Amino acid sequence: MSRVKCHCGGRPSCRLCGGTRYFLYEPGPRGWLPFACPSCDGTGWRREPGLDTEHCPTCRGEGTVDPADPPLSLIVTIRKVLFGG
Ligand SMILES: [Zn+2]
Ligand SMILES: [Zn+2]
């Protein structure tokens, strides 16, 4: 299992990471494959009561999540942890 950074940035409403900003991914026999986004059911859009329809933050409106393509900020985060920013 690998810990992958979620694109949503830690939204409690995210069904992929539940607001923890990371989700666990187990690469299959064919490697790291994109999967349908659980937050928007693969539609790319989120509709929440009381909120305007918006691009799904979990998949950035793409409808699928590519675990091999984590946010670039991951590199920044690692750099911050290792080198103090
Ligand atoms: Zn998330
Ligand atoms: Zn989505």
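Me: Why does C37 count as buried?

Reply: In this predicted model, C37 has a relative accessibility of 1%. Buried means under 20%, so C37 falls in that class.

Me: How do you know whether C56 is buried or exposed?

Reply: By the same cut-off of under 20%: C56 is at 1% relative accessibility, so C56 counts as buried. C40 is buried as well.

Me: What makes C37 and C56 donors of a zinc ion?

Reply: Donor atoms must lie within 2.8 Å of this metal. The SG atoms of C37, C40, C56 and C59 coordinate the zinc ion (ligand 2) at 2.3 Å, so they meet that limit. Along the chain these donors have the spacing C-x2-C-x15-C-x2-C.

Me: What does the pair C40 and C56 tie together?

Reply: C40 sits in the loop between β3 (35–36) and β4, while C56 sits in the loop between β5 (54–55) and β6 (64–65), so the pair ties together parts that are 16 residues apart in sequence.

Me: Why is the arrangement around the zinc ion (ligand 2) called tetrahedral?

Reply: All angles have to lie between 85 and 135 degrees for four donors to be tetrahedral. Here the four donor atoms subtend 103 to 115°, so the arrangement is tetrahedral. The ideal angle for four tetrahedral donors is 109.5 degrees.

Me: Which residues coordinate the zinc ion (ligand 1)?

Reply: The donors are the SG atoms of C6, C8, C14 and C17, at 2.1 to 2.3 Å. Their spacing in sequence is C-x1-C-x5-C-x2-C. Of these residues, C14 and C17 are buried.

Me: What makes the arrangement around the zinc ion (ligand 1) tetrahedral?

Reply: The angles subtended by its four donor atoms run from 100 to 117°. The permitted range is 85 to 135 degrees, so this arrangement is tetrahedral.

Me: How many disulfides does the structure hold?

Reply: Zero. A disulfide would need a pair of cysteine sulfur atoms within 2.5 Å.

Me: Why is R46 called buried?

Reply: R46 belongs to strand β4 (residues 45–46). Its relative accessible area is 8%, and the cut-off is under 20%, so R46 is buried.

Me: What does R46 touch, leaving out residues up to four places away in sequence?

Reply: R46 touches S13, C14, S39, C40, D52, T53, E54, C56 and P57. Among them, C14 is a donor of the zinc ion (ligand 1), whereas C40 and C56 are donors of the zinc ion (ligand 2).

Me: How do you know that R46 has a polar contact with S13?

Reply: A polar atom of the R46 side chain lies 3.3 Å from the backbone oxygen of S13. The limit for a polar contact is within 3.5 Å, so the pair qualifies on distance.

How values were computed
Residues numbered from 1 in each chain as written. Chains lettered and ligands numbered in written order. Predicted model: local features only at pLDDT ≥ 70, side-chain atom pairs only at ≥ 80, totals over all residues. Heavy atoms only, no water. Donors = N, O, S within 2.8 Å, 3.2 Å for Na, K, Ca; no water. Tetrahedral: all angles 85-135°; square planar, octahedral: opposite > 155°, others 65-115°. Buried < 20%, exposed > 50% of the residue type's maximum accessible area, 1.4 Å probe, protein only. Helix = DSSP H or I, 4+ residues; strand = E, 2+ residues; numbered from the N terminus. Polar contact = N/O pair within 3.5 Å; in protein donor to acceptor, adjacent residues only side chain to side chain. Contact = heavy atoms within 4.5 Å.
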